[in-house]
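Student: Pick one part of this model and take me through it slowly. I'd like to know how it sits against its surroundings.

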Amino acid sequence: MNRLSGPDNEEEIGSEDTRIAAVGDSITYNLYVANGQEEFYPQQLDDLLGEGYAVHNFGVSNYAAQASSDFPYDTTDEYQESLDFDPEIVIMMLGTNDTKDTNWNGSGQFKDEYIDLLESYRDLPSVSRIILASPPAVFLEGAVISGGIDASRISVAGNTVEEIAAEYELEFVDMYEETINHPEYFPDGIHPNEEGSAALAELFYQQITEENAQ
């Protein structure tokens with residue numbers, strides 16, 4: 001058995017466990033947890049799935065899918081660690097930081113560079129499933145922070161991710177649609193609290209288990 005440490009998962013991983021890599025930005029990493037509050041969605045998902053699964057958090061705050069962005073995800077240690085993890089399932093939820101004025105050059109460029117990142121996971125021999133998720137809704141009116149994120153582009157990015165999922169015949173979770181009516185999940189306008197993280201975890205849990213049942 002190997003022992004992997006991370007912000008939310010230090011459990012022993014058995015050779016028969018289904019490894020799930022949660023790839024994302026601060027919504028996955030979760031600044032609330034970093035500041036001493038409760039669980040990240042990957043840890044909650046790990047708890048929901050129970051024995052036989054190992055969910056590991058590879059979220060990195062402030063990073064984006066696009067290689068041309070100010071902080072590209074594929075330059076991080078977590079990116080390389082997510083590949084070395086040899087995941088069977090990859091959950092990819094990026095795009096929020098791509099909407100910043102400093103990063104956004106239209107949906108076409110976002111799509112091309114998102115696909116470039118996606119391909120690195122599709123090429124892994126261990127991967128049997130990839131679940132793409134649109135960025136959750138953001139609520140910037142009166143938000144505590146925004147970091148230049150553009151709420152008007154979030155749905156555009158999400159639609160582009162859905163388009164990619166359809167073209168590549170991958171699973172898709174519409175986090176934007178699932179969260180647009182729940183501002184209470186995001187007290188600072190962007191990052192989920194414990195309730196919001198639990199909602200994200202439940203949606204991914206349903207996706208993983210319902211697909212397994214088919």
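Tutor: Let's take helix α4 and begin on its outward side, where Asp77 and Asp84 are exposed. Exposed here means over 50% relative accessible area, buried means under 20%, and partly exposed is in between (1.4 Å probe, protein chains only). Helices (H or I, at least four residues) and strands (E, at least two) are DSSP runs, numbered from the N terminus.

Before going on, keep in mind that this is a predicted model: local features need pLDDT of at least 70, side-chain atom pairs count only at pLDDT 80 or more, and totals for chains, interfaces and linings use all residues. Residues are numbered from 1 along each chain as its sequence is written, and side-chain values use heavy atoms, leaving out hydrogens and water. pLDDT is the predictor's confidence in each residue, from 0 to 100; the chain averages 89, and 86% of the residues score at least 70. Residues 1–9 are the stretch to treat with care, since the pLDDT there is below 50.

Back to α4, which spans residues 77–84: Tyr79, Ser82 and Leu83 are buried. These three share a side of the helix because they cover an arc of only 100° around the axis, the arc being that of the directions from the helix axis to the C-beta atoms. Asp77 and Asp84 are on the other side. What covers the buried residues includes β3 (18–24), β4 (53–59) and α5, where contact means heavy atoms within 4.5 Å.

Tyr79 also belongs to a cluster in which ring pairs link it with Tyr73 and Tyr121. Rings of Phe, Tyr and Trp (its six-membered ring) pair if their centres lie within 6.5 Å; planes under 30 degrees apart count as stacked, over 60 as edge-to-face, and the rest as tilted. The structure holds 10 aromatic pairs.

Now look at what follows the helix. Just after α4, Asp86 takes a positive phi of about 55°. Most residues other than glycine have a negative phi. On the way from β4 to α4, the loop holds Asn62, another non-glycine residue with a positive phi, near 80°. Asn62 counts as partly exposed because its relative accessible area is 30%. As for Phe85, the charged end of Arg19 sits over its ring, 5.1 Å from the centre; that label requires NZ of Lys or CZ of Arg within 6 Å of the ring centre and within 35 degrees of the ring normal.

Finally, the helix feeds into something bigger. A nonpolar core is a set of buried Ala, Val, Leu, Ile, Met, Phe, Trp, Tyr and Cys residues joined through side-chain atoms within 4.5 Å. The largest one has 31 residues, and Tyr73, Met92, Tyr114, Leu117, Tyr121, Ile130 and Leu132 touch the most other members. Helix α4 is among the elements that each supply at least two residues of this core, together with β3, β4, β5, α5, β6 (129–133) and α6. The most comes from α5, with 6 residues. As a sample of the packing, Met92 touches residues including Val23, Tyr114, Leu117 and Ile131. Apart from this core lies another, of 24 residues, among them Val55, Ile149, Ile154 and Leu203.

Definitions and conventions:
Lists of a residue's contacts leave out its neighbours within four places in sequence.
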